[in-house]
Amino acid sequence: MFNKLKPKSKFTRNVLTLMTGTTIAQAIPIAISPILTRIYSPEDFGILALYIAIVGFVSIIVTARYEMAIVLPKSDEEAINIVALSLVIMLSIVIVLFMIIILFKEDLLSILNAKSIGNFLYLIPFSVLAAGLNQIFNYWSNRKQYFKNISSSQISQSITIGASQPLLGYFHIFGGLIIGNLTGRIIGAFILIDKFVKNDKVYIQDIKREVILEQMKKYKDFPLVNSLHAFGDILKSSGSVMLISSFFGASVLGFYALSLRVLQVPVGIVGSALGQVLYQKFTIMYNNGEDLHHYVKKIVLFLFAISLVVFSFLYFIAPDLFAFVFGEKWRVAGEYSQILIPYLFMNFLISPISQLPIILDKQKTFFYFSLIGNSLFIISILLGQIYNIKVVLCLISVLMSLYYIFILYYLYNLLKKDLNVKKNKITNI
């Protein structure tokens with residue numbers, strides 16, 4: 001009976017596997033948030049958001065984005081050399097980062113306007129290292145279709161954070177939110193690496209210096225173009241956190257951080273899981289000359305139907321929901337959430353198909369578009385800070401929604417053009 005209920009499609013099974021892991025991983029932080037909001041203050045959440053912003057700022061380029069190329073080669077022998085390349089770059093950057101922090105700690109805290117982080121700055125290289133390892137071995141696991149392992153890593157990381165943060169807070173350990181976050185990242189990376197060691201360590205013998213250099217040249221667009229694109233994206237998210245902290249203080253940043261933490265759950269559950277599987281699916285379809293245009297259109301319509309229901313519901317109940325679940329003092333975060341919903345609605349539609357420009361070799365064009373989007377986000381904060389945080393959020397929601405509508409239109413036409421080119425080639429043959 002249960003076998004009949006199992007999805008027959010391998011693609012569907014992979015999506016459900018990752019979605020299950022992502023759902024549980026995303027649900028745990030939300031489940032413990034009512035506890036955390038009663039142990040920690042908005043300022044504590046603001047400091048955590050600032051710490052994660054700095055870690056994310058470095059982590060996004062710690063492998064020069066070469067880890068994203070691990071899925072692309074036809075042979076595992078080539079892919080393992082990209083893994084080695086990513087590891088070498090990551091370790092080099094982490095060592096340099098650690099030396100910079102030791103030598104220029106006070107200057108960095110002043111430049112980043114992050115005095116509240118203090119000695120936790122020394123933990124940043126360890127968080128970056130854990131994040132880099134997660135990125136590298138997540139893409140290797142994606143390539144090898146170890147989707148259950150990716151799911152286990154996500155769940156274990158979330159459980160570790162969910163258990164350690166309240167416990168550390170209960171015993172009044174200063175910086176419990178930051179320490180718990182780092183511990184979870186380490187556990188998540190360990191599970192992915194453990195799977196690699198057990199199943200794939202035989203590939204280590206295929207690592208050769210000349211092949212590493214060959215792959216480095218072959219996929220040079222990742223550090224030259226994609227890393228700039230990713231850096232621009234993280235500059236938007238991390239830079240916005242730093243600006244909000246600077247303009248409005250840690251408390252407002254804490255409200256803003258909690259609102260995103262809750263609202264990004266539907267984006268994370270479906271968008272992240274679907275996006276990982278679709279990246280591989282799109283790559284295979286494109287290489288086999290299949291109709292990506294029609295397939296992507298179906299995916300977007302499916303996502304639209306889901307997101308319209310979820311985000312409409314959240315819009316009407318957000319303030320009361322936040323006040324009931326997290327405590328009355330967090331109602332403000334619910335009001336912030338209401339304003340941001342249109343932006344996150346459009347982000348939800350774009351996220352799972354955002355890898356298409358990589359597959360279609362349009363990274364440079366998409367990079368220029370991302371610069372516009374990221375600039376709009378930062379400009380919203382710079383203009384809105386003249387008034388108040390709600391004006392900032394309104395500007396973000398309106399301008400970013402319009403930007404994502406344009407990107408959706410661009411991707412649709414890009415796929416249509418690619419389909420017509422393929423049809424013309426078949427006709428000429």
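This report walks through a predicted protein model, from its overall build down to a few individual residues.

**Overall build**

Let's start with the big picture. The protein is helical: it has 15 helices and zero strands. How does its radius of gyration sit against the value for a compact globule? With 429 residues, a compact globule would come out near 22 Å, and the protein has 22 Å, so the two agree. If you're setting up a box, the C-alpha atoms fill roughly 65 × 50 × 45 Å along the principal axes.

Burial and contacts fill in the rest of that picture. Buried residues make up 54% of the 429 residues. Take the contacts with a sequence separation of 6 or more, and 84% of them are accounted for by residues 24 or more positions apart. On the outside, the accessible surface comes to about 20,000 Å², and carbon and sulfur atoms own 67% of that. As for charge, the protein carries 37 positive and 22 negative charges, and the mean positions of the two sets are 7 Å apart.

**A buried glutamine in α6**

Gln-165 is found in helix α6, which covers residues 147-170. Is this residue buried or exposed? Its relative accessible area is 2%, and the cut-off for buried is under 20%, so Gln-165 is buried. Leaving out residues up to four places away in sequence, its contacts include Ile-32, Leu-36, Tyr-40 and Leu-48 from earlier in the chain. Later in the chain, Gln-165 touches Gly-176, Leu-177, Gly-180 and Asn-181, and also Arg-261.

**Two loops on either side of α6**

Helix α6 has a loop before it and a loop after it, and each holds a residue with an unusual sign of phi to check. Gln-145 lies in the loop between α5 (124-143) and α6. Its phi is near 60°, a positive value in a residue other than glycine. With a relative accessible area of 31%, Gln-145 is partly exposed.

His-172 sits in the loop between α6 and α7 (176-200). The phi of His-172 is also positive, near 60°, and again this is a residue other than glycine. At 71% relative accessibility, His-172 counts as exposed.

**Where α11 meets α12**

Next up is Pro-319, which lies in helix α11 (residues 292-326). Pro-319 counts as buried, at 12% relative accessibility. Which residues does Pro-319 touch, not counting those up to four places away in sequence? The list is Arg-331, Gly-334, Glu-335 and Gln-338. There's also a C-alpha distance to note here: Pro-319 and Trp-330 are 11 residues apart along the chain, and their C-alpha atoms are separated by 8.4 Å.

Arg-331 is worth another look, since it takes part in salt bridges too. One of its partners is Asp-320, with the closest N and O atoms 2.9 Å apart. Arg-331 lies in helix α12 (residues 331-350) and Asp-320 in helix α11, so this pair ties together parts that are 11 residues apart in sequence. Both ends count as partly exposed: Arg-331 has 25% relative accessibility, and Asp-320 has 49%.

Arg-331 forms a salt bridge with Glu-328 as well, and there the closest N and O atoms are 2.7 Å apart. Glu-328 counts as exposed, at 52% relative accessibility. Elsewhere, salt bridges that share partners join Asp-76, Arg-143 and Lys-144 into one network.

**Salt bridges side by side**

The count for the model comes to eight salt bridges. Here are some of them, with the closest N to O distance.

| Pair | N to O distance |
|---|---|
| Lys-105 and Glu-106 | 3.9 Å |
| Arg-331 and Asp-320 | 2.9 Å |
| Arg-331 and Glu-328 | 2.7 Å |

What about the Lys-105 and Glu-106 pair? Their side chains meet at 3.9 Å, N to O, and the cut-off for a salt bridge is within 4 Å. The two partners fall into separate burial classes. Lys-105 counts as buried, at 13% relative accessibility, whereas Glu-106 is partly exposed, with a relative accessible area of 45%.

Key: Residues are numbered from 1 along each chain as its sequence is written. This is a predicted model: local features need pLDDT of at least 70, side-chain atom pairs count only at pLDDT 80 or more; totals for chains, interfaces and linings use all residues. Side-chain values use heavy atoms; hydrogens and water are left out. Helices (H or I, at least four residues) and strands (E, at least two) are DSSP runs, numbered from the N terminus. Buried means under 20% relative accessible area, exposed over 50%, partly exposed in between (1.4 Å probe, protein chains only). Contact means heavy atoms within 4.5 Å. The radius of gyration is taken over C-alpha atoms; the globule rule is 2.2 Å times the number of residues to the power 0.38. Accessible areas come from the Shrake-Rupley method with a 1.4 Å probe; for residues, only the protein chains shown count as cover. Lys and Arg count as positive and Asp and Glu as negative; His and the chain ends are not counted. The place of a charge is taken as NZ of Lys, CZ of Arg, CG of Asp or CD of Glu.
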